[in-house]
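The paragraphs below lead from single residues to the spaces enclosed by the chain, and then to the aromatic rings. Please keep the sequence and the model in view while reading.

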Amino acid sequence: MELSPFEARKLALQGQGLHRKDAFGRGVAAAERAVQQLGYVQIDTISVVARAHLHTLWNRVSNFSETTLDQLLQRRKVFEYWSHAAAYLPIADYRFSLPRKRQFASGQRHWHPKNDKLTAEVLQRIQSEGPLRSSDLANQAMPKGTGWWDWKPTKVALEQLFMEGELMVSQRVGFQKVYDLTERVLPSNVATDMPTEADYAHHLINRFLTTNGLGTAGEIAYLRRGMRAPVQAVCRDLCEVGDLVELKLPKLSFKEPVYALPKSLSQLSKPLSRRCVRILSPFDNCVIQRSRLRQLFDFDYQIECYVPAAKRRYGYFVLPILYGHHFTGRVDCKVDRQSGCLQVLSLYLNDVQHADFVAALGAELQRFADFNGAQDIDFGMIEVGGQVLDSVAHKQLITCLLPK
């Protein structure tokens with residue numbers, strides 16, 4: 001089946017739940033459905049604006065609150081583990097976390113070398129005392145420079161046990177994990193049989209293509225060690241029996257076959273709003289694979305908090321702006337929680353010729369400020385089409401964005 005670039009972009013966005021208000025409903029149940037549809041929600045610690053996992057779900061559940069994920073975790077509707085990164089995952093997908101857990105249990109290290117004696121002691125304490133946080137296990141920090149986060153040894157032991165599957169996160173207090181034995185956290189009705197390699201490949205294919213519409217084996221197996229070749233093999237088999245469709249995208253230079261589920265292709269006839277504006281988290285499911293973003297949307301995006309300050313082009317925590325089927329800019333924001341102000345440190349737009357876009361962007365900025373608990377918005381530098389606006393044009397655009 002041949003698709004135009006427009007159709008490919010539409011297909012890629014169709015399952016994301018971004019273009020329709022309350023696509024998953026409202027409340028805690030809606031957040032659960034959103035996690036189920038997305039397959040995972042990435043967790044991140046950076047908090048210059050609302051953290052990534054909150055931001056991602058807020059963009060899809062209009063009355064989402066900061067406590068919603070905590071409720072889902074405590075109700076055992078989601079669990080924390082590693083997807084391609086730390087994430088909340090649907091509890092029904094628990095068995096597909098087992099291959100990675102087996103890798104860690106068999107000797108793979110998690111950031112730091114394993115201390116068998118300390119790990120056994122930490123496990124024994126949780127067995128006898130019940131759920132514990134890292135702060136409950138008093139221990140000196142590791143010397144600076146010994147590890148990525150310079151965790152204290154008991155934190156390393158907790159995370160090793162977590163990655164091996166001996167422990168799960170039963171809840172969070174603030175942003176601190178509370179660890180408990182897996183047998184005391186995991187609901188008894190959740191499947192725990194180890195998937196075969198083919199089972200796991202089928203799972204990755206269905207999860208990715210349900211959410212993202214189309215993709216290559218490399219995108220489907222993104223950061224899953226050893227799974228690219230099995231995914232390729234299963235994709236070929238599914239195409240032969242008609243359970244998968246290989247797409248032709250002559251105007252997009254993909255270097256390997258691109259696949260879609262027949263049920264996703266049937267959604268192409270449905271409309272997708274061209275006027276919807278969304279300010280996305282850098283870790284949103286829609287943008288997390290940067291090469292895919294360039295390939296499909298011609299949008300060259302990088303989060304710059306990991307780039308030395310002198311080499312940043314757009315800013316520390318620059319956020320992508322989605323408008324309909326296109327990415328039309330980026331905004332570097334920071335919330336001053338003391339003053340209650342959303343600081344738009346810099347705003348970069350491709351164009352502002354369309355009044356509908358400017359009005360929708362202004363409304364989204366206000367919505368984003370409300371979500372972050374900010375009463376005011378303060379604008380810094382604004383660049384349009386590669387040109388920094390002078391003071392007059394700057395003031396005129398802000399008036400259009402936020403008319404009083």
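Is threonine 56 buried or exposed? The model to which this question is put is a predicted one. At a relative accessibility of 0%, threonine 56 falls under the 20% cut-off and therefore counts as buried. Threonine 56 belongs to helix α3, and once the neighbours within four places in sequence are set aside, its contacts are Leu38, Val41, Ser281, Phe283, Asp284 and Asn285.

Serine 83 offers a second starting point, this time in a loop, namely the one between β2 (78-82) and β3 (86-90). With a relative accessible area of 5%, serine 83 is buried. Apart from neighbours within four places in sequence, serine 83 is in contact with Tyr40, Leu89, Arg100 and Arg224. The C-alpha atom of serine 83 is separated by 8.0 Å from that of glutamine 42, although these two residues are 41 residues apart along the chain.

From serine 83 the path leads to the enclosed spaces. How many cavities of 30 Å³ or more does the structure hold? There are two such cavities, and the largest of them contains about 460 Å³ of space. Its lining is made up of 35 residues, among which Tyr40, Ser83, Leu204, Arg207 and Arg224 are the closest to the centre; Tyr40 and Arg224 have already appeared as contacts of serine 83. At least two lining residues come from each of β2, α9, α10 (217-220) and α13, and α9 makes the greatest contribution to this lining, with seven residues. Sorted by class, the lining of the largest cavity comprises 19 nonpolar, ten polar and six charged residues.

The second largest cavity has a volume of about 30 Å³. Its lining consists of Leu73, Arg76, Val78, Phe79, Ile91, Met168, Val169 and Val185, with β2 and β5 (167-173) each supplying at least two residues. In this lining seven residues are nonpolar, none is polar and one is charged. Strand β2 is thus named for both cavities, since it gives at least two residues to the lining of the largest cavity and at least two to that of the second largest cavity.

Beside these cavities there are pockets to consider, and the second largest pocket holds about 480 Å³ of space. Of its 23 lining residues, Gln14, Gly15, Gln16, Gly17 and Gln267 are the closest to the centre. The elements that contribute two or more residues to this lining are α1 (5-14), α9 (197-212) and α12 (262-265), so that helix α9 takes part here as well as in the lining of the largest cavity. By class, eight residues of the pocket lining are nonpolar, twelve are polar and three are charged.

The aromatic rings give another view of how parts of the chain meet. A pair of aromatic rings is described by the distance of the centres and the angle of the planes. The structure has twelve aromatic pairs. Why does the pair of tryptophan 58 and phenylalanine 371 count as stacked? The ring centres of tryptophan 58 and phenylalanine 371 lie 4.5 Å apart and their planes meet at 10°, which is under the 30 degrees required, and the pair is therefore stacked. Because tryptophan 58 lies in helix α3 (residues 52-58) and phenylalanine 371 in helix α14 (residues 355-371), the pair ties together parts that are 313 residues apart in sequence. Tryptophan 58 is buried at 4% relative accessibility, whereas phenylalanine 371, with a relative accessible area of 22%, is partly exposed.

Another stacked pair is formed by phenylalanine 299 and phenylalanine 327, with 5.0 Å from centre to centre and 15° between the planes. Phenylalanine 299 is in the loop between α13 (290-297) and β10 (318-323), and phenylalanine 327 is in strand β11 (residues 326-336), so the pair links distant parts of the chain, 28 residues apart. Both phenylalanine 299 and phenylalanine 327 are buried, and together with Phe297 and Tyr301 they form one aromatic cluster.

Rings also meet charged groups in this model. The charged end of arginine 95 sits over the ring of phenylalanine 96, at 4.9 Å from the ring centre. For arginine 330, the charged end sits over the ring of tyrosine 314, at 4.1 Å from the ring centre.

Notes:
Residues numbered from 1 in each chain as written. Predicted model: local features only at pLDDT ≥ 70, side-chain atom pairs only at ≥ 80, totals over all residues. Heavy atoms only, no water. 1 Å grid on protein atoms, 1.4 Å probe; cavity = no way out; pocket = protein on both sides within 12 Å on 5 of 7 lines; lining within 4 Å. Points joined across faces, edges and corners; volume = space filled by probe spheres on them. Helix = DSSP H or I, 4+ residues; strand = E, 2+ residues; numbered from the N terminus. Nonpolar A, V, L, I, M, F, W, Y, C, P; charged D, E, K, R; others polar. Phe/Tyr/Trp six-rings, centres within 6.5 Å; stacked < 30°, edge-to-face > 60°. Buried < 20%, exposed > 50% of the residue type's maximum accessible area, 1.4 Å probe, protein only. Lys NZ or Arg CZ within 6 Å of the ring centre and 35° of its normal. Contact = heavy atoms within 4.5 Å.
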